[in-house]
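Got the viewer open? Here's a walk through some spots worth selecting, one stop after another.

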Amino acid sequence: MASNAAKERKKVAALLEKEAEIQKRWEDAKVFEATAKPEENRPKYLVTFPYPYMNGRLHLGHTFTVSKCEFAVGYQRLRGKNCLFPFGLHCTGMPIKANADKIKRELEDFGYPPKFPEFEEEKPVEEVSVLDEITKDKSKGKKSKVLAKTGPGKYQWQIMQSLGLEDEEIKKFADANYWLEYFPQHCIDDLRLMGIKVDWRRSFITTDVNPYYDSFVRWQFQRLREEKKIDFGKRYTIYSPKDGQPCMDHDRASGEGVGPQEYTLIKLKVLDPKPAALAAIKEDVFLVAATLRPETMYGQTNCYLHPDIAYSAFYAGPEEDKVYIATARAARNMSYQGMTKENGVVRFVPGLEKITGDKILGAALSAPLAKHERVYALPMLTIKDDKGTGVVTSVPSDSPDDFAALGDLKKKKPLREKYGITDEMVLPFEPVPIIEIEGLGSLAAPEMCARLKIESQNEKDKLEEAKKEVYLKGFYDGVMLVGDFVGQKAGDAKKCVQVKLIAEGLADKYVEPEKKIISRSGDECVVALCDQWYLKYGDEEWKTETKKALAALNTYSDEVRSNFERTIDWLHEHACSRSYGLGTRLPWDPQYLIESLSDSTIYNAYYTVAHLLQEGSLEGTVTGPLGVKAEQMTHQVWDYIFMGAQYDAKTMPVEEAKLRELRKEFAYWYPIDMRVSGKDLVPNHLTYLLFNHVAIWKDQPAMWPKSIRANGHLLLNNEKMSKNTGNFLTLTEGIEKFSADGMRLSLADAGDAVEDANFVFSMADAAILRLYNLLDWVRDMMAARDAGNLRAASAPRIFADRVFENDMNRQIEATASNYEGTLFKEALKTGFFEYTAIRDRYRELCGGEQNMAVDLVFKWIETQALIVSPIAPHVAEQVWELLGKEGFIVNARWPETQAVDELTSKQAEFLEETIKECRQRLKNYMNPKKKTATPIVTPTEATIWVAKEYPGWQRTVLTILNQQEKANAGVLPDNKTISQLIAKDDSLKKFAKKTMPFVQMVKENFEAKGAAALAVACEFDQAAVLEENRDYLMNGLELDGLVIRHTDEAGVDPAVVEAVCPGVPLIAYELPREGVTITVRNVHVANGLFDMEVIVLEGDTVSGLVRKMRRMNRAIKPRFTVSLLRYIDPIGGPRKLISIDDPTSINEKMEDDGVFSVDVPSKKVKVTVSGAAHDIGDTVVYSAA
């Protein structure tokens, strides 16, 4: 095992060494640097990848998505396109700044090197509400990628250590700018190791550190503001009180993809007499309940509080003229939504900062819209304090939880007494019918509880099932029975009821995060009404234009298109400004920074000119080849480059000739031909990309992206990637472990769909072996060619040659189609795995490598290198070099092919199916279902029967089926219809029992082969195909004799005629005939081949005897040429001493067409060569070399 591992490491080391050498040659030759060349009049191809965030090294998940760009651009280069793959590095946003500040604080708190306290953090179990699941936005993300990568409870210093950094290096990261120096260059170096086809001249980092990119983003936002796509005002936004600013997805330690959840805050007024705990409050007091279904408020019968939860009483309203009771967490949220006098400040009623629910139970309440004038606060033991307000308004008609809890209180007097609840607070209240639901009636919750036999509020699993059924049907199919909106669907009435309640002062709008969100600064976020600049993605006109862009977009997947459509529909205003972090300042309001999802929407356009402006410096600190300074890049200059504005020397402080050069690059490369990303970016970044392209290049669809390809996440060995579990691999680790091409091959094999892909280590190990074996085989074939051990190109073509050449054409075409569709797993299958298989089949059909045609062997090698080069370019480059080709394979062209000859394909399939069927029949022959009295002897001879056409009655049936197939547009009718048609034909009546089984067989073939299965006769000469491949058949079936016959010959058994169909031969094996055993002797010294005992049968040929010897002795390699020699003196010859210098001097060679005749009784054998018969005695000689 250890030695095998060592061998594998040597192979990887050898591949890595060669990869580094090839990458250096590519770099020196600048093969991936692309320049606009409109004069060449050849198509261009621009592919881009969302620039990765520079707070760590790239991992295999990044690499998987990058590989899609890489494979696509490799293929398009072969197609002769001028290809550009640029790569930027994203530094905008809060994460880098927050992480730098964390390191700074950790140094202050724990010294250097830091000594952290040891603790074990419990992972919270997050419960998901059924109603949340039904009403939530399905296109939003689910969890934090950062949390998934680093895990909870880690200090930033420890995270940096996990990246392999030493303490002395880590302390430098307390400066946010150091992140911008360290990770971008490491990212580039890592990507270079995989042989990526990137034009690195165009790379840059974002933020105002880069004055060129900073100027570009400011121009973009000026344009958006001019187009009235940006506005200012208060918006509900996820907000970090600690950071004092909105907390966007990329700013979160957990809760990425989580958005605001809107509730209706129902005000249940506490009636006099108030509970003793609240009696001293002079202002009106309200229990405030957050509900997702305001339309059900007509059915309120009570309100629920948890006896043990701590609630808070706090002053609400701008004048603090009322008191709300809710959890402190909810009060904190409300304070940022204009519900308290001072923003962000909660003023509690003195002494009631914390008050447990049991102190308020029994309070009489006025419930808005309720049938009852007075309802009561009752206990519910399943309320949580981490969602909503902790106050739950009860609608037992349509909430199984509410009905079960009310039922417990009605049935259990001790429970009522425990909490001071009197009978009149509970017993008179029954569920109120408010919504009619088909199949559940007007009291859906009681109905479902009865069906599921729910007896208590503690039956959680049953209640979950009941809630799912009631909420789903009620929300989408329920019809209102009461109130102002009678007859409307419940889902439609929801907003109307909310508006009514708020207008009448009976409710407020309340918003909180769908789930818990922690900012990178460690703060639990709230939803706040913030003064902020926002992009008006909710604008209907903008949505309409974006849908036009989507309609013309290739999404490669219906699922991705649907996700885009849903996102465009639900998308609303998006905050584009923040106060903390890194980035570009809003040009008209520089107190704000532009957030990271907003400065990364049209930067693909910047790639087209970046090399001319800032080549040589990622930070833009070096002036590029055009000599244009950053301060010269005015708003008007960018308009010239990207909008085609007229030149104006007053506002454009750059020479027009230079601007023409910049404009030429943009006009040539744009639009984006393919954007590749993970599917999780569809609901945000990728949709924003469409919106912004439509806004900036208004009415210019030629500038909108042509295609967006989204892929799933990457699993490692069928498990999710996670540093916590150790199931994690960085890009560089993947290369070190498997080599660049081994890793790339496995990434291609991992999958192409939107579903998660799977990188399997065993596949990567196998990839190393396959690539290594390919190189070895190429070297072997070169040696064989040089030694003259391959069949000459001038030799007549044989069946195997025709099939092999046709197979190459077919596989190359299929591989091109797969590359065009970005189906790289399929391209690997057709262009590498199956391409290797057709080579192996060719070798088998030829009977060994020495019979393979030299020109076809090297055509296969060259084309194999070309079609696999997008995926495994380093090995392909090595093959190209071995072949002595000029230039680099990455600059070569896709191989030209001839049209696939379908007849040859059918002949090859016929031969393959024939030998497969023959092998199966041999297996059945050797393993009969019934045991035999005597041992079964392996047959050595056989007859293959072929039919030129179907017998008469079968032809008639096929004629009927052909007519039906044409009449029904290529579809066969059902068996009943066919049976009725057959019954009408008098000629078929005596075959009635046979016709329908035959029809069924034909229909099965029709499913597999189409109309060809209905042919009455075979379109090629089957016997000729079998005859031409006689040696292949006999070797493959280990036969000494084979006869090929037609079923239309005279005297053939009718059962055979009946059983054989055109294209489906039948083999009949025969028992071995008696023969004479002779010794076949090897007389050559130190040859390694020994004497053999061989049975000679009447009619055997010399070549047939050699075939039998090869089968018996695998040491006689296919590449060996074998000759048989007889003794001139058949009696004395075998007994004579031989000469070491000339061991066959007493022998005479027998020609391959020599025929043996045997006399079994006398055990004598003769061979007839060229008309002369010779006695061979009991021994002959063979040579194999």
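Start by selecting Asn717. At 30% relative accessibility it counts as partly exposed, because that label covers values between 20% and 50%. You'll find Asn717 in the loop between strand 25 (714–716) and strand 26 (719–720). Check its backbone too: phi is near 50°, a positive value in a residue that isn't glycine. Bear in mind as you click around that this is a predicted model.

Next, jump to Asp699, in the loop between helix 21 and strand 24 (708–711). Here again phi is positive in a non-glycine residue, near 60°. Buried or exposed, at 59% relative accessibility? Asp699 counts as exposed, since the cut-off for that is over 50%.

Now step back along the chain to helix 21 itself, and select residues 682–696 together with helix 16, residues 540–551. Two packed helices are described by the angle between their axes and the distance between the axes. For this pair the angle is about 105° and the axes lie 9 Å apart. Helix 16 and helix 21 are therefore roughly perpendicular to each other, as angles from 65 to 115 degrees fall in that class. To see the contact, show side chains for Trp542, Lys543, Glu545, Thr546, Ala549 and Leu550 on the helix 16 side. Their partners in helix 21 are Leu690, Phe691, Asn692, Val694 and Ala695. By type, the residues of this contact split into seven nonpolar, two polar and two charged.

Two cis peptide bonds come next. The bond from Tyr670 to Pro671 is cis, with omega about 10°. Pro671 sits in the loop between helix 20 (656–669) and strand 23 (674–678). Then go to Asp272 and Pro273, also joined by a cis peptide bond, with omega near -5°. Pro273 belongs to the loop between strand 6 and strand 7 (284–291).

Keep strand 6 (260–270) on screen, since it is among the elements covering the buried residues of helix 15. Select residues 490–503 for that helix: 14 residues, reaching 20 Å from first C-alpha to last, close to the 20 Å expected at 1.5 Å a residue. Which residues of helix 15 are buried? Color Ala490, Ala493, Val497, Gln498, Lys500 and Leu501. Besides strand 6, the cover includes strand 15 (435–436), helix 14 (460–477), strand 16 (479–480) and strand 17 (507–513). Just after the helix, Gly505 takes a positive phi of about 75°.

For another helix, try residues 854–868, helix 27. Its 15 residues reach 21 Å from end to end by C-alpha, close to the 21 Å expected. Helix 27 is mostly covered, with twelve of its 15 residues buried. Among them are Trp860, Phe858, Thr863 and Gln864. What covers these buried residues? The list includes helix 2 (60–78), helix 24 (761–786), helix 25 (799–820), helix 26 (824–846) and helix 28 (873–882).

Last, paint on the annotations. An unreviewed UniProt entry places "domain: Aminoacyl-tRNA synthetase class Ia" at residues 22–102 and 177–759. Select 22–102 and you have a stretch that is 43% helix and 10% strand, its end C-alpha atoms 42 Å apart. The UniProt entry, unreviewed, also gives "domain: Leucine--tRNA ligase RagD-binding" for residues 946–1019. That stretch is 58% helix and 1% strand, and its end C-alpha atoms are 13 Å apart.

Technical notes
Residues are numbered from 1 along each chain as its sequence is written. This is a predicted model: local features need pLDDT of at least 70, side-chain atom pairs count only at pLDDT 80 or more; totals for chains, interfaces and linings use all residues. Side-chain values use heavy atoms; hydrogens and water are left out. Helices (H or I, at least four residues) and strands (E, at least two) are DSSP runs, numbered from the N terminus. The expected span of a helix is 1.5 Å times one less than its number of residues. Buried means under 20% relative accessible area, exposed over 50%, partly exposed in between (1.4 Å probe, protein chains only). Contact means heavy atoms within 4.5 Å. Axes are lines fitted to C-alpha atoms, for helices over the stretch in contact, and angles run from 0 to 180 degrees between N-to-C directions. Angles under 35 degrees count as roughly parallel, over 145 as roughly antiparallel, 65 to 115 as roughly perpendicular and the rest as oblique. Ala, Val, Leu, Ile, Met, Phe, Trp, Tyr, Cys and Pro count as nonpolar, Asp, Glu, Lys and Arg as charged, and the others, Gly among them, as polar. UniProt positions are given in the numbering used here, feature names are shortened, and annotations may be inferred rather than shown by experiment.
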